[in-house]
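Student: I would like a close look at one part of this chain, its nonpolar interior. Could you walk me through it?

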Amino acid sequence: MATSTQALARPKRKKSKLGWNLLGLLVFATAGFPVYWMLNTALKPAKDVIDRSPHFFPRSFTLENFRRALDIGDFWGSIGRSLIVSVVVVLIGIVVGLLAALAISRFAFRGRKIVIVGILAVQMVPLVAMIIPVFLLLNDLGQYDKLSGLILTYLTFILPFTVWTLRGFIVNVPKELEEAAMVDGCSRTGAFIRVVFPLLAPGMVATSVYGFIQAWNEYLYALMLMSQNHQTATVWLSSFTTQHGTEFAPMMAGSTMMAVPIVALFLLVQRKMAAGLTAGAVKG
């Protein structure tokens with residue numbers, strides 16, 4: 001009887017597994033198609049891009065769109081400024097966010113709940129609603145059209161997310177690990193560095209990647225707070241839209257080149273995230 005029941009259950013499991021696989025392929029195709037179409041358009045000749053009967057596979061390939069993209073505006077300068085802003089925002093956000101998350105998670109102080117609610121409330125405020133106050137504040141501080149002002153602006157919406165995310169990782173680390181290390185002679189700082197910090201490494205990497213992507217892709221504040229001479233990579237892409245129309249093929253080539261740092265960063269850290277999680281879990 002048990003054998004027959006197991007035999008009946010196997011086809012159901014196979015159908016369920018097949019259904020989930022098909023759903024996964026559908027999600028992958030939906031998410032990956034825009035990326036494919038960007039690459040497809042970037043490699044097409046300009047005349048094929050505006051064809052009324054688009055082809056899913058390019059009939060001919062060309063790298064002329066990439067050369068055209070490099071010739072428009074200050075590409076390398078824009079990329080460099082975006083890299084500087086994104087890296088500095090991530091470094092400051094991780095250091096300050098880790099200290100703030102540690103204080104919120106491990107110490108009881110008056111107004112702790114208010115701080116937590118305030119962090120959530122800040123994330124709910126639309127970025128568009130803060131453009132005018134931010135502009136006036138930076139103008140009064142002499143930080144308008146400066147990378148330092150843009151970095152401070154990005155920290156206002158990346159830092160709350162960093163604090164909240166790292167707080168979740170710290171809360172999941174048992175306090176008993178720190179207490180055991182302190183019993184063995186470690187100070188509170190030593191216990192954090194030797195015990196807690198390795199366990200937080202995967203969370204810090206994931207949070208850093210998210211912060212980098214958010215700062216790298218931000219467009220609105222970079223457009224409003226920076227002049228054309230100090231524009232970032234996302235604003236540089238708007239150079240392809242003029243009063244005479246939009247050069248879609250070079251724009252897609254520029255978008256492809258802009259995506260390279262993000263893809264490279266993800267490929268660089270994805271193994272380290274998994275390795276850090278495993279090492280932190282078994283670290284004695």
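Student: To set the scene, what percentage of the 284 residues in the chain is buried? After that, please take me into the largest nonpolar core.

Tutor: Happy to! This is a predicted model, in which local features need pLDDT of at least 70 and side-chain atom pairs count only at pLDDT 80 or more, while totals for chains, interfaces and linings use all residues. Residues are numbered from 1 along each chain as its sequence is written, and side-chain values use heavy atoms, with hydrogens and water left out.

Your answer is 35%, where buried means under 20% relative accessible area with a 1.4 Å probe, counting protein chains only; over 50% is exposed and the range in between partly exposed. The chain has 12 helices and two strands, taken as DSSP runs numbered from the N terminus (helices: H or I, at least four residues; strands: E, at least two).

Now for the core itself. A nonpolar core is a set of buried Ala, Val, Leu, Ile, Met, Phe, Trp, Tyr and Cys residues joined through side-chain atoms within 4.5 Å. The largest one holds 33 residues, and L98, L200 and F240 have the most contacts inside it. At least two of its residues come from each of α3, α4 (75-106), α5 (112-124), α7, α9 (188-217), α11 (233-236) and α12 (248-282). The top contributor is α4, with eight residues. Leaving aside residues up to four places away in sequence, L200 touches L98, F169, I170, V173 and F192; a contact here means heavy atoms within 4.5 Å. Another core, of 17 residues, lies apart from this one and includes V89, V134, A215 and M226.

Two of the contributing helices deserve a look. In α3 (residues 64-71), the buried residues are N65, F66 and A69. Seen down the axis of α3, they fall within an arc of 100 degrees, so they line one face of the helix; the arc is that of the directions from the helix axis to the C-beta atoms. After α3 comes G73, with a positive phi near 65 degrees.

Helix α7 (residues 147-171) has 25 residues and should span 36 Å at 1.5 Å a residue, which agrees with the 35 Å between its end C-alpha atoms; the expected span is 1.5 Å times one less than the number of residues. Along the way, α7 bends by about 40 degrees at T156, with a proline, P160, following within four residues. That bend is the angle between axes fitted to the seven residues ending there and the seven starting there.
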